[in-house]
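Please open the model in your viewer and keep the sequence panel beside it, since this tour moves from one selection to the next. At each stop, select what is named and then read what is there.

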Amino acid sequence: MITNKSTQIKIETGDLSGKGKIKLVSHKSIKNVVFKVLEEKRFREFVFTYNGNGRSLEGEFYIEKPLLWNVSSPHLYTYTLQIVYQDGEESVEGRFGFRS
């Protein structure tokens, strides 16, 4: 879990199917989130729009044929996350992997 100034961010990668989930819980009201994953030298963009109480948001993403993280080949995906609040926005960068 990652915590930035206003929001807790959790990225879950499940099985080897390439499906993942992103969950955000904030002290501020969230309007939408743009989640970009660097995949084979290009960014793949997922946009999640507010559909709840405004302070939490969940979304699913999919990476086709994910490269797996293991001890001999520790592949990690780079992401950027732009969170748009009612009163401004902020960006977060990080990395995650699909474990074999």
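Before the stops begin, one term is needed: a strand here is a DSSP run of E with at least two residues, and strands are numbered from the N terminus. With that in hand, select K31, which is found in strand β4, and bear in mind throughout that what you are looking at is a predicted model.

**First stop: K31**

With K31 selected, colour by accessibility if your viewer allows it, and you will find that K31 counts as partly exposed, at 41% relative accessibility. Show its surroundings next: leaving aside neighbours within four places in sequence, K31 is in contact with T49, Y50, V84, Y85 and Q86. If you then add L57 to the selection, the C-alpha atoms of K31 and L57 are separated by 9.3 Å, although the two residues are 26 apart along the chain. One of those contacts, Y85, has another lysine to show you, for K28 lies over the face of Y85, at 5.0 Å from the ring centre.

**Second stop: the whole chain**

Now zoom out and display the protein chain as a cartoon, in which there are 10 strands and zero helices. Read from the N terminus on, the elements run β-β-β-β-β-β-β-β-β-β. The radius of gyration is 14 Å, close to the 13 Å that the globule rule gives for 100 residues, so the chain is as compact as a globular protein of that length. Taken along the principal axes, the box filled by the C-alpha atoms is roughly 45 × 20 × 20 Å. Of the 100 residues, 35% count as buried, while the chain exposes about 6,400 Å², of which carbon and sulfur atoms supply 47%. Among contacts between residues at least 6 apart in sequence, 56% join residues at least 24 apart.

**Third stop: the nonpolar core**

Which residues touch the most other members of the largest nonpolar core? Select L24, V33, F35, V37, L81, I83 and F96, which do so within a core of 20 residues. The elements that give two or more residues to this core are β3 (19–26), β4, β5, β6, β8 (77–85) and β9 (88–96), and β8 gives the most, with five residues.

**Fourth stop: the aromatic rings**

Keep F35 selected and show the aromatic side chains, among which the structure holds 10 aromatic pairs. F35 and F46 form one that is tilted, with 6.2 Å from centre to centre and 40 degrees between the planes. Since F35 lies in strand β4 (residues 30–39) and F46 in strand β5 (residues 42–49), the pair ties together parts that are 11 residues apart in sequence. F35 counts as buried at 0% relative accessibility, and F46 is also buried, with a relative accessible area of 11%. Widen the selection to F35, F46, F61, Y77, Y79, F96 and F98, and you have a cluster that is linked by ring pairs.

**Fifth stop: Y79 and E93**

From that cluster, pick out Y79, which is found in strand β8; is Y79 buried or exposed? At 0% relative accessibility, Y79 counts as buried. Measuring in the viewer from Y79 to E45, which is 34 residues away in sequence, should give 9.6 Å from C-alpha to C-alpha. Turn next to E93 in strand β9, which is exposed, with a relative accessible area of 68%. Not counting residues up to four places away in sequence, E93 touches Y79 and T80, and its C-alpha atom is separated by 8.9 Å from that of Q82, 11 residues away along the chain.

**Sixth stop: E39**

Return to strand β4 and select E39, which is found there and counts as buried, at 8% relative accessibility. Its contacts, leaving aside neighbours within four places in sequence, are R44, I63, E64 and Y77.

**Last stop: K65**

Finally, move to the loop between β6 (56–62) and β7 (68–69), where K65 has its place. Most residues other than glycine have a negative phi. K65, although it is not a glycine, has a positive phi of about 50 degrees, and at 69% relative accessibility K65 counts as exposed.

Definitions and conventions:
Residues are numbered from 1 along each chain as its sequence is written. This is a predicted model: local features need pLDDT of at least 70, side-chain atom pairs count only at pLDDT 80 or more; totals for chains, interfaces and linings use all residues. Side-chain values use heavy atoms; hydrogens and water are left out. Rings of Phe, Tyr and Trp (its six-membered ring) pair if their centres lie within 6.5 Å; planes under 30 degrees apart count as stacked, over 60 as edge-to-face and the rest as tilted. Helices (H or I, at least four residues) and strands (E, at least two) are DSSP runs, numbered from the N terminus. Buried means under 20% relative accessible area, exposed over 50%, partly exposed in between (1.4 Å probe, protein chains only). A charge sits over a ring if NZ of Lys or CZ of Arg is within 6 Å of the ring centre and within 35 degrees of the ring normal. Contact means heavy atoms within 4.5 Å. The radius of gyration is taken over C-alpha atoms; the globule rule is 2.2 Å times the number of residues to the power 0.38. Accessible areas come from the Shrake-Rupley method with a 1.4 Å probe; for residues, only the protein chains shown count as cover. A nonpolar core is a set of buried Ala, Val, Leu, Ile, Met, Phe, Trp, Tyr and Cys residues joined through side-chain atoms within 4.5 Å.
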